[in-house]
Amino acid sequence: MPSPLVSVVMSVYNGEEFLGESVRSILDQTFSDFEFIVVDDGSSDRSKSILDAYALEDKRITVIAQDNLGLVKSLNRACGLARGKYLARMDADDVAVRTRLALQVQFLEAHPEISVVGSAVAFIDSLGRILTVAKRPLHDRQIKRALPDANVLWHPSVMLTAETFISLGGYRNVPYAEDYDLWLRIADQHALANLSEILLKYRVHGSQVSISRTVQQAYGALACQASARQRRVAQPDLLENISEIDSELLIRMGVSKAAQQTGIARGYLVCGRNLSRAGKFTLALTMLATFTSGELGSAEPWVIADAFLCMAMTYWMMKENLQALRFLGRALVIRPMILGRPIKKTWQRLSREFQDKRNSKASQIYQVR
């Protein structure tokens, strides 16, 4: 059979709840020259039977069943079987916009100097309702400026060249941050980009990995950042051969205890904020309660203040106003400048509206001429 231009790769572990919608969003793409390789990583629910039914319906799907080996090994196996020029990632609980593959292929074909392209993402709840939109830096220089401090490419929104993936040896054993590690290694040698269009709907729910493995994901991200710093100064990369990422390894990589606590705190804050937006208030407060226990007392003040502010907003949405005011007060004690945020947001909104009006007026004058 002729090789497809794109290989879409997915790993599934007990993902039956949203799997059908996710698979269908790929099969319904406006771009059709792709294969869809899905690894069932030892699921004990109906995931395998759902995948098998779709494989009977559409010959572009290849289902691989295996014992549970974890995401990294599963993705490397799927990518190792891929025949496409481009690899497109997809997760079993997300939804791809119908034009996703078409727009990313068009971009990469027109920009051969780019090795990886992501997109803007809409966060959705379990019912598919949009919660918020996350945009990321678009151009290579902007991405490389931001990447050492934060992962600015959404993994399931990404398409990359198979050649680049193979040349770097695929994903490394960095649990829950394998994508971040890959982008940082690609950035050492290649160009990256994000499209401004929303091409993926990223689902927020209580059982997703970023929530159930917050500490491990934070450790992984910090290790990725330290590894990139080591490469920049030609030091040995300690992530080349590791079996586990823990606090002691991070200390050896130059990541202080305070920096570790800040990284963990940021992870809890992001998860708590997303869960609150999704209406999962009790679970959000459970995540954020870590900040009241004193366990993260060495984290940077801004992240603790933001966590208390998120708790205040969550209690406000629950109509527990006294609790909301209590945590708002705690946030302001730590970081009084929080009061300026509404003013800043209003100013930014008014500035955008003013600029839009100027652009519209200029366009009308040009048309008259």
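Hi everyone, let me start with R24, which is partly exposed at a relative accessible area of 27%; here buried means under 20% relative accessible area, exposed over 50%, and partly exposed in between, with a 1.4 Å probe and protein chains only. R24 forms a salt bridge with D28, with the closest N and O atoms 3.4 Å apart. By salt bridge I mean a side-chain nitrogen of Lys or Arg within 4 Å of a carboxyl oxygen of Asp or Glu. D28 is partly exposed too, at 33%.

A word on the model. It is predicted, so local features need pLDDT of at least 70 and side-chain atom pairs count only at pLDDT 80 or more, while totals for chains, interfaces and linings use all residues. Residues are numbered from 1 along each chain as its sequence is written, and side-chain values use heavy atoms, leaving out hydrogens and water.

Back to the charges. The whole structure has 18 salt bridges. One of them pairs D125 with R129 at 2.6 Å, N to O, and D125 is buried, at 3% relative accessibility. Another joins D188 and R231 at 2.7 Å. That pair links distant parts of the chain: D188 sits in the loop between α7 (178-187) and β9 (191-203), and R231 in helix α9 (residues 214-232), 43 residues apart. Through shared partners, salt bridges tie R172, D181, R185, D188, R231, D237 and E240 into one network.

Now the inside. Which residues touch the most other members of the largest nonpolar core? They are V6, V8, F36, M159, W183, I245 and F291, out of 111 residues. A core here is a set of buried Ala, Val, Leu, Ile, Met, Phe, Trp, Tyr and Cys residues joined through side-chain atoms within 4.5 Å. Its largest share, 10 residues, comes from helix α13 (residues 301-317); helices are DSSP runs of H or I with at least four residues, strands are E runs of at least two, and both are numbered from the N terminus.

Helix α13 is mostly covered, with 12 of its 17 residues buried. Its end C-alpha atoms are 24 Å apart, in agreement with the 24 Å expected at 1.5 Å a residue, where the expected span is 1.5 Å times one less than the number of residues. F291 touches several α13 residues that are buried, including V303, I304, A307 and F308. After the helix comes K319, with a positive phi near 65°.

Finally, the whole protein chain: 15 helices and nine strands, with buried residues making up 48% of its 369 residues. Thanks for listening!

Key
Contact means heavy atoms within 4.5 Å. Lists of a residue's contacts leave out its neighbours within four places in sequence.
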